[in-house]
Each structure stands twice: as C-alpha cells, then as structure tokens.
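Colleague: I have a model open and would like to know how its descriptions are justified. Please take me through the reasoning.

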Amino acid sequence: MAQPGRPSNNLLIAALVISVLSISSAATLIRLADAPALVVASARMLIASIILWALAPFLKVSLFKGINWKRALGAGFFLALHFGFWISSLDSTSVASSLVLVTMNPIVVALGSTFLLKDPPGKPLIIGTVISIVGCMVLVIGEGFDLSGPFTGNLLALGGAFAMSCYMIIGRTVVSSGNLFGYITWVNTFSGLFLLAGGFLTGVQFHSYPVNSMFFILLIALIPQLVGHSLINWSLKYLHTSFLAAAILVEPLAGTIIAYLVLGEEFSRFSFYGGVLILFGVGLAFRRSGSVFKG
C-alpha cells in the first residue's frame, strides 16, 4: 500500500519520462554551445545553483536544516567527476566507445544497491537492464564502436560511469528523509565549485565566449540540470535505484532522436534496432511494479 502523501505511480512515471527527456537534450545543447567541456559543465552547475539559491526564500525553504553535509559534499564531488570525466572522454575516444562504457552505470548501481543498501533489484529488473545495455551497444556499434581506441579516453568514460553510480547511490541514502531542496542545491553548488577548480587547474579559459554559447549553456542549466537531475533526485525517494539507472539507458536513444530533429544528424538502422531493445528492456524492468516502486 502506498504511503500517505506519496505520489501516484502514474505521476512518478511521468516525472521519470520528463527527467530522461530533459537529460537527453544535453548532448545536442552542448554541441550548440560550442565551448570547452569544463566551461559548459561548471557553468551548468553554477547557474543551476544560483537559481536554486534565489528560489529558496520565495519557497520558504531552509538550505541549512536537515542537510547531511558529508553526503552532499560526496554527491557533489562524484557528480563533478561524472561530468568532468565523461565529457572529457569525448576529446580522446569516439562518442560510440564512450557511450558503451558509460552504460556500465546500471551494473555498478545494481551491485551498490545489493551490497551497500541491502536493496537488491528483482529478477525482471536485472533481465531488463541487461537487455537495455545490449540495446545501447547495438545502437553505438553501427556508429563506429572501437574498444581498442585510446586508453585514456576509454578509462575516463568508465570513470564517468562509476562516478554517476556513486552519485545515485549516495542520493538514494539521502532523499528518503531530510531536506531534498537543500540537498539538491548544495550538490549543485559543490559540483560546480569542483568543476570550476578543475578548469582553473587545467588552464581553461572561462571568458570571451559568444552570446549564443552563453544562451545554450543557460538552457543546459535549466533543462538537463534543474529539471532532469532534480526530478531524478526526487524520484530516488520512491523508485528503485537500479530501475532509475536502467531507465536512464533510454538517454542514448532519445538523445539520438533529438540530435536528428535539431541538428539533422543521421538516424541509422542500428539506432532503430538498439532503440527497440532499450525500450523493451526498460519495459520489462517496469513489468512488475513491486521491484520498481518503493513504499
């Protein structure tokens, strides 16, 4: 039976669909922004943070009460690593190779949920996740997958997958209780500061970009970050962590479709076949709601 005040299953699924579509827009918006990875990533997080800080007084929420500072700092650190590693990997390995390696994320999340949170995923969720991972591999193999490519780029992509897994596992332990708005605000803030520091340490230029780039960076902060990641954090309170990780596997398919519609990039038959497998796998994972919904 659902807990009092708990959102309906339909609302949770709607929120998940919106969050996945939002984060799927990031790749196209990043391409349109045409700026270095650490500039986009740090600006994305810091702009989102500023908006959240500005909204807090109007929403009459505290940003200091009920915050687990160690976990918020840890989540911010791993989120910064995810963006820093994954986006940087695209400079030294193929997009296809990077995407395949990043899809290792649900495996790490499933292991973490089982051994750290004592919350193992159900059998349909495991099978559905595996099918979705295969779908992601099919989707990118046709675009030039090369696991034997540059070692550094592949290692960075794996690091991004591991960091995202840690971020989601920490979030699952935090959002069940406490100040969710404050937690999201501080995670964004810490992540942005970590990325900014990384940019300064590596000599990235943070000024003199055209207005168009700043406009698209603003959209990245609003859509993938504020809408997408905030809804994911909220959903962690009610959905199985492994299911969220599996659902996010729809991102390569949705991102490909968005790139086709906005940028005119080709949509190959591999994208279609892989997309069918991804959707089938996520549908199978969702088949038994008992292994997906919490409470």
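What follows is a short exchange on the terms used for this predicted model.

Colleague: What makes up the protein chain, in helices and strands?

Modeller: The protein chain has 13 helices and zero strands. From the N terminus on, every element in the run is therefore written as α.

Colleague: How many of the residues in the protein chain are buried, as a percentage?

Modeller: Buried residues make up 51% of the 295 residues. A residue is called buried because its relative accessible area is under 20%.

Colleague: What supplies the area that the protein chain exposes?

Modeller: Carbon and sulfur atoms supply 71% of the exposed area, which is about 13700 Å².

Colleague: Why is H3 called roughly antiparallel to H4?

Modeller: The axes of helix H3 (residues 37–59) and helix H4 (residues 69–89) cross at roughly 150 degrees. Angles over 145 degrees count as roughly antiparallel, so H3 is roughly antiparallel to H4. The two axes come within 9 Å, and the crossing is right-handed.

Colleague: Which residues make the contact?

Modeller: On H3 they are Ala-37, Leu-38, Ala-41, Arg-44 and Met-45. H4 contributes Leu-79, Phe-83, Gly-84, Ile-87 and Ser-88.

Colleague: How do the residues of the contact of H3 with H4 divide into nonpolar, polar and charged?

Modeller: Seven are nonpolar, two are polar and one is charged. Arg-44 of H3 is in the contact, and Arg counts as charged. Gly-84 of H4 also takes part; Gly counts as polar, so Gly-84 is placed with the polar residues.

Notes: Residues numbered from 1 in each chain as written. Predicted model: local features only at pLDDT ≥ 70, side-chain atom pairs only at ≥ 80, totals over all residues. Heavy atoms only, no water. Helix = DSSP H or I, 4+ residues; strand = E, 2+ residues; numbered from the N terminus. Buried < 20%, exposed > 50% of the residue type's maximum accessible area, 1.4 Å probe, protein only. Areas by Shrake-Rupley, 256 points an atom, 1.4 Å probe, with all protein chains shown as cover. Axes fitted to C-alpha atoms, helices over the stretch in contact; angles between N-to-C directions. Parallel < 35°, antiparallel > 145°, perpendicular 65-115°, else oblique. Left-handed = near helix turned anticlockwise from the far one by under 90°. Contact = heavy atoms within 4.5 Å.
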